[in-house]
Amino acid sequence: SATITGTHAVRFVRNSSKRKKPFFLYYAPPQPHAEDANHLQGIRQGAPGPDPRPSKQFRDTYEDEPLIRTPSFNEADVSDKASNVSGLPRLTEEDIATIEDNYRGRLGSLRQVDNQVGRIIKVLKRKGEFKNTYIAFVSDNGYLQGEHRLAASKFLPFENSIRIPAMISGPGIKAGREVSRPAMDIDLTATLLDIAGAKPGRTMDGISLLKAAKGKQGLPKRDVPLEALRPLFEFSTPITAYDVPYYGVKTDRYKYVN
């Protein structure tokens, strides 16, 4: 659970603060990932209730929160989409109810992650480390929750799945500053090395975002490459039937995928 991993993270920060050397914490709780991926992939019937399940503390916090429905939600016409999507049936009311239930569970599970981040910041402040600490927040992927008739997917290069949140706070970074040009997940390594004042032992694919975050330098104009070299799963289920390899590129205005 997030509480258990949070306790380990807090203990690490407390112990590391006793030493003079800088320290690095990579905190990656499993929430809000689905608990029963086999159920989501249609392999077996899952347990009743949302997946993921929120912790007991937040079990009912979001029970009335409506599912976000963008214009692409359960799209009426997908004939302009690739062949692995253009044949998908429209979501039923039962499908949508399940998506909404899981969405609320996801919010509840993330609320517990938020609590653990608060615990980590609290111990950083108590140990006098907070003002000298950079905190980067990212995710590994976005998620489709009914958009383009896709009930639960991260495989396809739609904006919902390829875009992830990215935030950095720390010394010299003004609250609320927003950088509009594209950043990529490969930039995170270069950014952390820059923060640490370390030299990489190999050529970096990404670039440091630190100066851009501080407002000292803009990011270069660049296109974002997209690729899935092979299917993620070796078997075919209803949810992975459209999990096919692709190459693509995203510019400020266009996206091309082959």
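Which residues is phenylalanine 158 in contact with, leaving aside its neighbours within four places in sequence?

**View 1. Surroundings of phenylalanine 158 in the predicted model.** Once its neighbours within four places in sequence are set aside, phenylalanine 158 is in contact with Lys81, Val85, Leu144, His148, Leu150 and Lys255. Among these partners, Val85, Leu144 and Leu150 also belong, together with Phe158 itself, to the largest nonpolar core.

**View 2. The largest nonpolar core.** Eight residues make up this core, namely Val85, Leu88, Leu144, Leu150, Phe155, Leu156, Phe158 and Tyr242. Each of them is buried, because membership of a nonpolar core is limited to buried residues that are joined through side-chain atoms within 4.5 Å.

**View 3. The aromatic pair of phenylalanine 12 and phenylalanine 23.** The structure holds one aromatic pair. In this pair, phenylalanine 12 and phenylalanine 23 are arranged edge-to-face, with 6.1 Å from centre to centre and 85 degrees between the planes. Because phenylalanine 12 lies in helix α1 and phenylalanine 23 in the loop between α1 and α2, the pair ties together parts that are 11 residues apart in sequence. Phenylalanine 12 counts as partly exposed, with a relative accessibility of 33%, and phenylalanine 23 likewise counts as partly exposed, at 27%.

**View 4. A nonpolar surface patch that includes tyrosine 26.** Phe24, Tyr26 and Leu192 make a nonpolar patch of about 370 Å² on the surface. Of these residues, tyrosine 26 is located in the loop between α1 (2-16) and α2 (37-40), and tyrosine 26 counts as exposed because its relative accessibility is 69%, where exposed means over 50%.

Terms used:
Residues numbered from 1 in each chain as written. Predicted model: local features only at pLDDT ≥ 70, side-chain atom pairs only at ≥ 80, totals over all residues. Heavy atoms only, no water. Buried < 20%, exposed > 50% of the residue type's maximum accessible area, 1.4 Å probe, protein only. Contact = heavy atoms within 4.5 Å. Patch = residues over 30% accessible without salt bridge, like charges linked within 9 Å, V, L, I, M, F, W, Y side chains within 5 Å. Areas by Shrake-Rupley, 256 points an atom, 1.4 Å probe, with all protein chains shown as cover. Salt bridge = Lys/Arg side-chain N within 4 Å of Asp/Glu carboxyl O. Helix = DSSP H or I, 4+ residues; strand = E, 2+ residues; numbered from the N terminus. Phe/Tyr/Trp six-rings, centres within 6.5 Å; stacked < 30°, edge-to-face > 60°.
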